[in-house]
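Colleague: I'm new to this one and would like to go through its hollows with you. Could you show me the structure and explain the reasoning as we go?

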Amino acid sequence: MRMYDIIMKKRNGGELSREEIKFFVEGYTGGEIPDYQASALMMAIYFQKMTEAETHALTMAMAHSGDMLDLSGICGVKVDKHSTGGVGDKTSLALTPMVAACGISVAKMSGRGLGHTGGTIDKLESFAGFSTAISTERFIDNVNRIGIAIMGQTADLAPADKKLYALRDVTATVDNLSLIASSIMSKKLAAGADAIVLDVKTGSGAFMKREEDALALAKEMVAIGRAAGKNTIAVISDMDQPLGRAVGNALEVREAIDELNGAGPEDFHRLCLTLGSQMLIAGGRAQDEAQAKAMLEGAISDGSALRKFAEFVEAQGGDSEAVYDPERLPKASIIRAVPSPRDGYVQRIACDEVGICSLILGGGRETKESELDLSVGLVLEKKVGDPVRAGEPLACLYANDENKCRTAYERFLGAYVIGDERPDRTGHRIIKGII
Ligand code: URA
């Protein structure tokens with residue numbers, strides 16, 4: 001078999017066989033197939049798409065590119081959660097300790113930032129010393145001991161996704177249904193949890209801009225999970241504007257801590273309750289949503305979710321003091337308000353553009369080698385539907401570099417549409433459906 005022939009077959013719209021897909025995944029993981037051929041195949045898949053059979057074969061080949069974790073030594077149902085990627089989507093940071101505080105074991109494999117979206121691993125690294133590059137033994141031990149562990153893809157676990165994820169991030173090949181489904185589900189299957197809750201985003205800040213595409217992605221991932229014997233549930237949620245107010249790694253960690261202190265923004269809180277309920281029901285801890293939501297609210301109000309977060313940060317080598325004193329998190333030196341150019345109402349926000357502003361400030365990667373600045377990003381003062389007067393701040397930018405701050409400032413202004421009419425907020429349901 002030759003990689004050249006596989007690229008050409010897909011470029012011409014052909015259907016790849018299971019053997020061809022396995023040849024590519026094994027060859028790329030092993031380093032025999034170079035980045036430039038893998039990039040060409042990703043772009044061919046982006047344009048020609050994959051059939052369900054190809055997507056399934058790609059997922060299984062990626063899941064088996066390293067070890068498949070066996071979590072049977074951990075008592076009870078192990079639950080994993082994954083988002084398809086959004087702007088300001090810090091849900092995993094608050095949700096996992098909330099759920100763990102309610103007695104569910106969370107064994108989760110996460111990713112770094114991708115395209116204009118942030119990643120859980122980058123955000124967690126805002127805690128000095130924190131590491132997701134932990135051994136399988138420590139991962140299992142942490143879940144057993146404190147009920148929560150998060151790791152990144154390693155040379156042993158889903159290594160094909162680790163390489164392809166980093167490549168897609170910088171080659172404009174992220175937003176393809178089959179590539180997203182295989183990337184997420186390969187990690188979820190390799191990490192060995194019994195139940196998987198998927199948060200499938202839709203809207204201008206999501207990879208799936210249209211609701212029908214998000215639905216198709218959700219259905220495909222649920223089918224892959226269930227075929228592998230996992231209890232898999234998908235929630236389709238809104239990403240037509242950033243979730244909460246903070247966008248950027250350490251800024252989002254602060255907002256997640258606010259949520260655990262009972263002071264999170266309303267949309268973020270509602271999403272945590274919905275996803276958390278599905279996790280508690282899947283894990284057999286709650287009978288229905290009402291009971292699950294009461295348990296999650298209880299874990300916030302009695303402080304157990306916040307304490308669980310600190311325990312988790314500590315167990316993975318991070319500065320857990322920062323959970324109680326967020327001033328210890330990285331801080332930017334420049335804070336610049338972006339004033340509204342006119343009176344009116346915020347009618348729309350180009351959410352992906354807001355994510356790109358954070359990337360420009362240094363919060364995301366331009367190339368595979370880019371070093372992140374965890375302190376930068378932005379905090380929105382106005383969201384869709386809010387009235388605003390000329391000169392009032394729409395947001396504050398957090399930066400460490402004047403030039404980057406200027407570029408992000410101009411781009412941010414272009415992301416807001418302000419008009420005379422109050423927009424119809426019915427188009428901003430947080431939860432669009434559960435599968
Ligand atoms: N999250 C992932 O893990 N992979 C994708 O491709 C998109 C979001």
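Modeller: Happy to. Bear in mind that this is a predicted model. Let's begin with the largest pocket, where about 370 Å³ of space lies.

Colleague: What makes that a pocket rather than a cavity?

Modeller: A cavity is a place where the probe fits but cannot get out, whereas a pocket is an open set of points. The space of about 370 Å³ is listed as a pocket, so by that definition it counts as open. Its lining has 17 residues, and those nearest the centre are Arg-112, Gln-153, Lys-162, Tyr-165 and Ala-166. Helix H8 supplies the largest share of that lining, five residues.

Colleague: How do the residues lining the largest pocket divide by class?

Modeller: Five are nonpolar, six polar and six charged. Among those nearest the centre are Arg-112 and Lys-162; Arg and Lys count as charged, so both belong to the charged class. Tyr counts as nonpolar, so Tyr-165 goes with the nonpolar residues.

Colleague: And the second largest pocket?

Modeller: That one has a volume of about 300 Å³. It is lined by 16 residues, with Gly-115, His-116, Asp-169, Ala-172 and Val-174 nearest its centre. H8 and H16 are the elements that give two or more residues to this lining. By class, the lining has seven nonpolar, three polar and six charged residues.

Colleague: Which domains does the lining of the second largest pocket draw on?

Modeller: At least three residues come from each of domain 2 (79-326) and domain 3 (331-419). The domain assignment also gives domain 1 (3-48). The C-alpha centres of domain 1 and domain 3 are 38 Å apart.

Colleague: Now for the closed spaces. How many cavities of 30 Å³ or more does a search of the whole structure find?

Modeller: Three. The largest holds about 280 Å³ of space. It is lined by 24 residues, and the closest to its centre are His-82, Ser-83, Gly-85, Gly-118 and Tyr-165. Strands S1 (78-83) and S2 (105-110), together with helices H6 (120-124), H8 (159-169) and H9 (177-191), each give two or more residues to that lining. The lining divides into five nonpolar, 13 polar and six charged residues.

Colleague: What makes Gly-85 a polar residue in that scheme?

Modeller: It's a matter of how the classes are drawn: Gly is placed among the polar residues. Gly-85 and Gly-118, both close to the centre of the largest cavity, therefore go into the polar class.

Colleague: What about the second largest cavity?

Modeller: About 140 Å³ of space lies there. Of its 19 lining residues, His-116, Thr-117, Gly-118, Ser-358 and Gly-363 lie nearest the centre. Helices H11 (249-260) and H16 (351-363) each give two or more residues, and H16 gives the most, with four. Three of the lining residues are nonpolar, 14 polar and two charged. Domain 2 and domain 3 each provide at least three residues of this lining.

Colleague: There's a ligand too. Which residues surround the ligand?

Modeller: His-82, Ser-83, Thr-84, Leu-114, Tyr-165, Arg-168, Ile-180, Ser-183, Ile-184 and Lys-187.

Colleague: Why is the pairing of Lys-187 with the ligand called a polar contact?

Modeller: A polar side-chain atom of Lys-187 lies 2.6 Å from an oxygen atom of the ligand. The cut-off is 3.5 Å between N or O atoms, so the pair qualifies. His-82 has a polar side-chain atom 3.0 Å from a ligand oxygen, and for Arg-168 the distance is 2.9 Å. Both of those therefore pass the 3.5 Å limit as well.

Colleague: How much of the ligand does the protein bury?

Modeller: Taken alone, the ligand exposes 240 Å², and the protein buries 97% of that.

Methods: Residues numbered from 1 in each chain as written. Predicted model: local features only at pLDDT ≥ 70, side-chain atom pairs only at ≥ 80, totals over all residues. Heavy atoms only, no water. 1 Å grid on protein atoms, 1.4 Å probe; cavity = no way out; pocket = protein on both sides within 12 Å on 5 of 7 lines; lining within 4 Å. Points joined across faces, edges and corners; volume = space filled by probe spheres on them. Domains from an automatic or database assignment. Near = heavy atom within 4 Å. Polar contact = N/O pair within 3.5 Å; in protein donor to acceptor, adjacent residues only side chain to side chain. Areas by Shrake-Rupley, 256 points an atom, 1.4 Å probe, with all protein chains shown as cover.
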